[in-house]
Amino acid sequence: PAADALPLPPLGMNGRAAFKEYLLAGEHKAFALAKSGRFGWRASMRSEREARVGALEICERTGETCSIYAADEQLESERAAAR
């Protein structure tokens with residue numbers, strides 16, 4: 001996938017760099033965000049579900065509530081709209 005395959009989330013420079021790495025990572029990946037700008041991501045997991053759980057665990061380490069921004073090559077907002 002290209003580094004611009006999905007729109008960048010509203011993050012600082014470090015977060016944008018991490019999201020670009022996420023985009024270039026292999027299958028079964030997820031990127032989670034908190035309203036504060038904290039983020040976490042996992043890639044190359046056994047399943048998309050495992051990637052989602054891992055990304056949320058990393059993002060929520062400080063006790064903040066996070067949500068999935070993207071999983072594999074799709075924005076979570078697009079996935080929810082398709083349901």
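Which residue does a disulfide join to C59? The partner is C66, with an S to S distance of 2.1 Å, where a disulfide is taken as a pair of cysteine sulfur atoms within 2.5 Å. The model discussed here is predicted, so that local features need pLDDT of at least 70 and side-chain atom pairs count only at pLDDT 80 or more, while totals for chains, interfaces and linings use all residues. Residues are numbered from 1 along each chain as its sequence is written, and side-chain values use heavy atoms, with hydrogens and water left out. Four strands form an open antiparallel sheet, and α1 and α2 both pack on it.

**The sheet**

- The strands follow the order β2-β1-β3-β4, with antiparallel pairing; helices (H or I, at least four residues) and strands (E, at least two) are DSSP runs numbered from the N terminus, and two strands pair if DSSP finds at least two bridges between them.
- Because β2 and β4 stand at the edges, each with a single partner strand, one side of each has no neighbour in the sheet.
- β1 and β3 run antiparallel and are joined by five bridges, and in this pairing A32 stands opposite I68 of β3.
- β3 and β4 also run antiparallel, joined by two bridges; here A70 is opposite L75 of β4, and A71 is opposite Q74 of β4.
- β3 is mostly covered, since five of its six residues are buried, a term that stands for under 20% relative accessible area, whereas exposed stands for over 50% and partly exposed for values in between (1.4 Å probe, protein chains only).

**Helices on the sheet**

- α1 packs on the sheet and touches β1, β2 and β3, its direction making about 15° with that of β2; contact here means heavy atoms within 4.5 Å.
- α2 packs on the sheet as well, touching β1, β2 and β3, and its direction makes about 150° with that of β2; the axes are lines fitted to C-alpha atoms, for helices over the stretch in contact, and angles run from 0 to 180 degrees between N-to-C directions.
- N14 is placed in helix α1 and counts as exposed, at 62% relative accessibility.
- The C-alpha atoms of N14 and F39 are separated by 9.9 Å, the two residues being 25 residues apart along the chain.

**Nonpolar cores**

- The largest nonpolar core has 11 residues in all, namely L6, L11, A18, F19, Y22, L23, F31, L33, Y69, A70 and L75; such a core is a set of buried Ala, Val, Leu, Ile, Met, Phe, Trp, Tyr and Cys residues joined through side-chain atoms within 4.5 Å.
- Two or more residues of this core come from each of α1, β1 and β3, and α1 gives the most, with four residues.
- L33, one of the core residues, touches P9, P10, L11, R38, F39, C59, T65, C66, S67 and Y69, when residues up to four places away in sequence are not counted.
- Another core, of 10 residues, lies apart from the largest one and includes A30, A51, A55 and I68.

**The disulfide**

- A search of the whole structure finds one disulfide, and both of its cysteines, C59 and C66, are buried.
- The torsion about the S-S bond of C59 and C66 is about -80°, so this disulfide is left-handed.

**Loops and positive phi**

- Most residues other than glycine have a negative phi.
- S44, in the loop between β2 (39-42) and α2 (48-59), has a positive phi near 60° although S44 is not a glycine, and S44 is exposed, with a relative accessible area of 58%.
- D72, in the loop between β3 (66-71) and β4 (74-75), likewise has a positive phi, of about 50°, but D72 is buried, with a relative accessible area of 18%.
- The hairpin of β3 and β4, in which D72 takes this phi, has two residues between the strands.
- K29 lies in the loop between α1 (13-24) and β1 (30-34) and is buried, with a relative accessible area of 0%.
- A polar atom of the K29 side chain lies 3.0 Å from the backbone oxygen of A25.

Technical notes: Polar contact = N/O pair within 3.5 Å; in protein donor to acceptor, adjacent residues only side chain to side chain.
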